Amino acid sequence: DAFTLPPEMQTFLLSVQNKDPNTFRLFAVDTLNGHFQDGFFTNMNYIWDAQNAALLKNDDGLKAGITQLADAAPEPEILSISNAATSSGISVAFIEAKYTVKNASGQDIVILQKQVVFFSVKTGTVAITVTTVEGLKNNIFPVFDAMLETIKVSAQ
């Protein structure tokens, strides 16, 4: 049935097929009217990475690891990094990045990512990333921020 979907959705699904399910745990695609722009579907992914836990403990490590965690190509431009703690004391980092890719029509489109990385989990690193086009940033990022407020992560 996936091959009856628009070509851009087929491309997205085929790209997910090649991801390591031990790391890339969940993908969500926003199919609301108006949220498919410039040949790009806004999407979110949940990553569990036991290998990069130590790498991501400081800003330099975050900058080095964001491309690998988000599996972004080309390498993104880091717009901001901030560190905080959740109400339950879990250390987190918030990262915003952007990069430019060509859509199926060959046009350049600016892609923005917002990522939260949870450090103090039992082993490894959990990251949640939302990726959208520049024109939807003001609609998508506030919803992502509100969703993050509802997440409870345990260090145990």
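This report covers the fold, one buried threonine and the nonpolar cores of a predicted model.

## Basis

Residues are numbered from 1 along each chain as its sequence is written, and side-chain values use heavy atoms, with hydrogens and water left out. In this predicted model, local features need pLDDT of at least 70 and side-chain atom pairs count only at pLDDT 80 or more, while totals for chains, interfaces and linings use all residues.

## Fold

The protein has 3 helices and 8 strands (DSSP runs numbered from the N terminus: helices are H or I, at least four residues; strands are E, at least two). Their order along the sequence is α-β-β-β-β-α-β-β-β-β-α.

Of the 156 residues, 39% are buried (under 20% relative accessible area, 1.4 Å probe, protein chains only).

## Threonine 42

Threonine 42 lies in the loop between β3 (40-41) and β4 (43-49). Threonine 42 counts as buried because its relative accessibility is 3%. Its side chain makes a polar contact of 2.7 Å with the side chain of threonine 132 (a pair of N or O atoms within 3.5 Å, where within protein one must be able to donate a hydrogen and the other to accept it, and residues adjacent in sequence count only if both atoms are side-chain atoms).

## Nonpolar cores

The largest nonpolar core (buried Ala, Val, Leu, Ile, Met, Phe, Trp, Tyr and Cys residues joined through side-chain atoms within 4.5 Å) has 19 residues. Those with the most contacts inside it are Ile111, Val116, Phe118, Ile128 and Phe144. Two or more residues each come from β6 (91-102), β7 (108-118), β8 (125-133) and α3 (137-149); β7 gives the largest share, 5 residues.

Another core, of 7 residues, lies apart from it and includes Ile47, Ile95, Val117 and Ala127.

Terms used: Buried means under 20% relative accessible area, exposed over 50%, partly exposed in between (1.4 Å probe, protein chains only).
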